[in-house]
Amino acid sequence: MSLTKNPNVNKWVDEMIALTKPSKVVWIDGSKEQLDALIEEVVALPDDSRDKLYRLNDEKLPGCLYHRTLPNDVARVEDRTFICTRNKEDAGPTNNWCDPKEMYAKLTPLYDGVMQGRTMYVIPYSMGPIGSPLAKVGVELTDSIYVVLNMNIMTRMGVAAFENLGDTSDDFVRGLHSKADVDPENRYIVHFPEDNTIWSINSAYGGNVLLGKKCFALRIASFQGKNEGWMAEHMLILGLKRPGKETKYICAAFPSACGKTNLAMLIPPEGYRKDGYEVFTVGDDIAWLKPGEDGRLYAINPENGFFGVAPGTNAKSNFNALECTKKNTIFTNVAINNDDMTVWWEGLDKNPPENATEWKGAKVNGKEFTAEGNKLAHPNSRFTAPAENCPCISPEFNNPKGVPVSAIIFGGRRAATTPLVYQSFDWTHGTYVGSAVSSETTAAATGAVGVLRHDPMAMKPFCGYHMGDYWAHWLEMGEKLGDKAPKIFNVNWFKQDENGNFIWPGFGDNMRVLDWIIKRCENEIDADETAIGYLPKKSDINVSGIEDEVTPEIMDKLLAVDKDLWLKEVAEMRDFYKQFGDRLPAALSAELDKLEARLG
Ligand code: GTP
Ligand code: SPV
Ligand code: MN
């Protein structure tokens, strides 16, 4: 029974039922009874079922579940992700493109009857707080209970989303997902931005199937934002409270697995804590940004939970993230400790369980297994945790208006060239800095790891239209915001010494850099003007408590601007920009010229 009178929803759902031919259709209302029944069903499946979830230790991890995906299906598949606009040019050189008609014709046979013998779940959800003027509604159709349970954590799922949509609106994103046979040869993650539609088939991995996340909240939403005067960005949002002062909000865009969740949940170093500094999490992955009535830029987190990287998460590196995962969390592709049905991953602690099941499902002695260099958890194994579990969740998390943004930070994994932190001269230069983000690739997407690639604004895999037009949109937003625009910075937590060791302690100590950034935003301190932007005066990065680790020599290295490396970077950028042709905004090539001139 449909949960809405909206004829646009009902017509589309009927069409998709006719196409996929499920044996049963269940509308997800979001009630606890319904979700509990689905959990019962999925944990009762036999061990060899691909859809199987396991309940974890009820005392240590109440309400937590565990799932394993197929080894061929553990990360986003960028080479099988498409943006299907009528004009090829509108998808741009950074996206795979296919004509929408052709793509529908190719995928329709794959979906034809694919849900025979299966149940279709109709999931209404809101991205953004229900009732927020910045929120948007989506409907995902799926044949996976795992998807329903994850969407329940990651979005505001259930009948309230339909109430928000109303009985007549056509403004909802149509998501069709089927795990089908989880066949990598026929795996497609396809976006039709002009139809508000997403089709995903033959995957069961998070980023490919939780269609509210990257598919809607970034790829489709970036396209909507361009047309409607707002921005959808791959950014965390945090609030920074200094003693006796108002909380200031910062957004930061880093590529996948480059530290957004960690920074969003940062615990300040002891000295700062004693003085009363606090960090609050608004979001850890995606920000929707729109000018508010006062002319400032406001941010909401469209999500309702965290789909975080498990490996490396521990009580020291990210205490708050670990706390988030202690109840009502779904773990995917981590290892199981069979003695007590708890979870383990590399970097959790130094005690891999002896009686373990590794992420592919083999029972192993974890100590021996890891001693041989094997990994018990997949490097891109994840937790799906409710935002409400987060000890430092911002009191503004559900504020429908969002939070005013003081600073935007870009960053990536760069062994050399990029200093610890610098500030752009203005919004246009800041847009250049964002366009120049490069980073070493990680396990978050399939393909080689550790290769330096361009990832403008950390949006290379997520921008739903031509990257040149996207930069033009950034520049337009800057013009609209004028002197109320956030200040734009760049950071690099990943600078290395000759032996490949990180020279900045990172994690909680990144607070020291945020501190400088906020002081710059508030015009409290001077900086050194260099060819690449404003750099901190060495004494302005507070190293008290880490003087042994970050000696003056190390600080020199962290803040160095090596002219030769930067000239190389300029040449590289010129080459990178070529592919955008006449859609590259003139203001950005002018910034590149100016940078080269300043380098001399
Ligand atoms: P996505 O969810 O894929 O978008 O990733 P993310 O950007 O949220 O990255 P996350 O915070 O999960 O961090 C990914 C990896 O980077 C983890 O292994 C962290 O331990 C590591 N990391 C995060 N912050 C720092 C840091 O300041 N320094 C160093 N060296 N590593 C860090
Ligand atoms: C990322 O890869 O940036 C993620 C995980 O946040 S996924 O949802 O798979 O995209
Ligand atoms: Mn991400």
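Ala, Val, Leu, Ile, Met, Phe, Trp, Tyr, Cys and Pro count here as nonpolar, Asp, Glu, Lys and Arg as charged, and the others, Gly among them, as polar. Keep that colour scheme loaded. The model on screen is predicted.

**Stop 1: ligand 1**

Select ligand 1 and show its surroundings. The shell holds 21 residues. Colour them by class: ten are nonpolar, seven polar and four charged. Label A257, K260, T261, N262 and R382, which are the closest.

Now turn on the secondary structure. Which elements each supply at least two residues of this shell? They are α9 (260–264) and β18 (305–309). Of the elements, α9 gives the most, with three residues.

Next, look for polar contacts. Start with the backbone. A backbone N or O atom of A257 sits 2.8 Å from an oxygen atom of ligand 1. Move to C258, where a polar backbone atom is 3.3 Å from a ligand 1 oxygen. Then pick the side chain of R382: one of its polar atoms lies 2.8 Å from an oxygen atom of ligand 1. Switch to a surface view. Ligand 1 taken alone exposes 660 Å², and the protein buries 91% of that.

**Stop 2: ligand 2**

Keep R382 selected and go to ligand 2, since R382 is listed around this ligand as well. The other residues around ligand 2 are R76, Y205, G207, K213, K214, H234, S256, D285, F307, A444 and F462. Apply the colours again: this shell divides into four nonpolar, three polar and five charged residues.

Three polar contacts deserve a label. The side chain of S256 places a polar atom 2.5 Å from an oxygen atom of ligand 2. At H234, a side-chain N or O atom is 3.3 Å from a ligand 2 oxygen. At G207 the backbone takes part, with an N or O atom 3.3 Å from an oxygen atom of ligand 2. How much of ligand 2's own accessible area does the protein cover? It covers 98% of 280 Å².

**Stop 3: F462**

Stay at ligand 2 and select F462, one of the residues around it. F462 belongs to the loop between β28 (452–454) and α14 (467–481).

Is F462 buried or exposed? Its relative accessible area is 0%, under the 20% cut-off, so F462 is buried.

Now show its contacts, leaving out neighbours within four places in sequence. F462 touches R76, K214, L218, R219, S222, H234 and S256. R76, K214, H234 and S256 also appear around ligand 2.

Finish with a distance line from F462 to E78. The two are 384 residues apart in sequence, yet their C-alpha atoms are 9.5 Å apart in space.

Terms used
Residues are numbered from 1 along each chain as its sequence is written. Chains are lettered from A and ligands numbered from 1 in the order in which they are written. This is a predicted model: local features need pLDDT of at least 70, side-chain atom pairs count only at pLDDT 80 or more; totals for chains, interfaces and linings use all residues. Side-chain values use heavy atoms; hydrogens and water are left out. A residue is near a molecule or strand if one of its heavy atoms lies within 4 Å of it. A polar contact is a pair of N or O atoms within 3.5 Å; within protein, one must be able to donate a hydrogen and the other to accept it, and residues adjacent in sequence count only if both atoms are side-chain atoms. Accessible areas come from the Shrake-Rupley method with a 1.4 Å probe; for residues, only the protein chains shown count as cover. Helices (H or I, at least four residues) and strands (E, at least two) are DSSP runs, numbered from the N terminus. Buried means under 20% relative accessible area, exposed over 50%, partly exposed in between (1.4 Å probe, protein chains only). Contact means heavy atoms within 4.5 Å.
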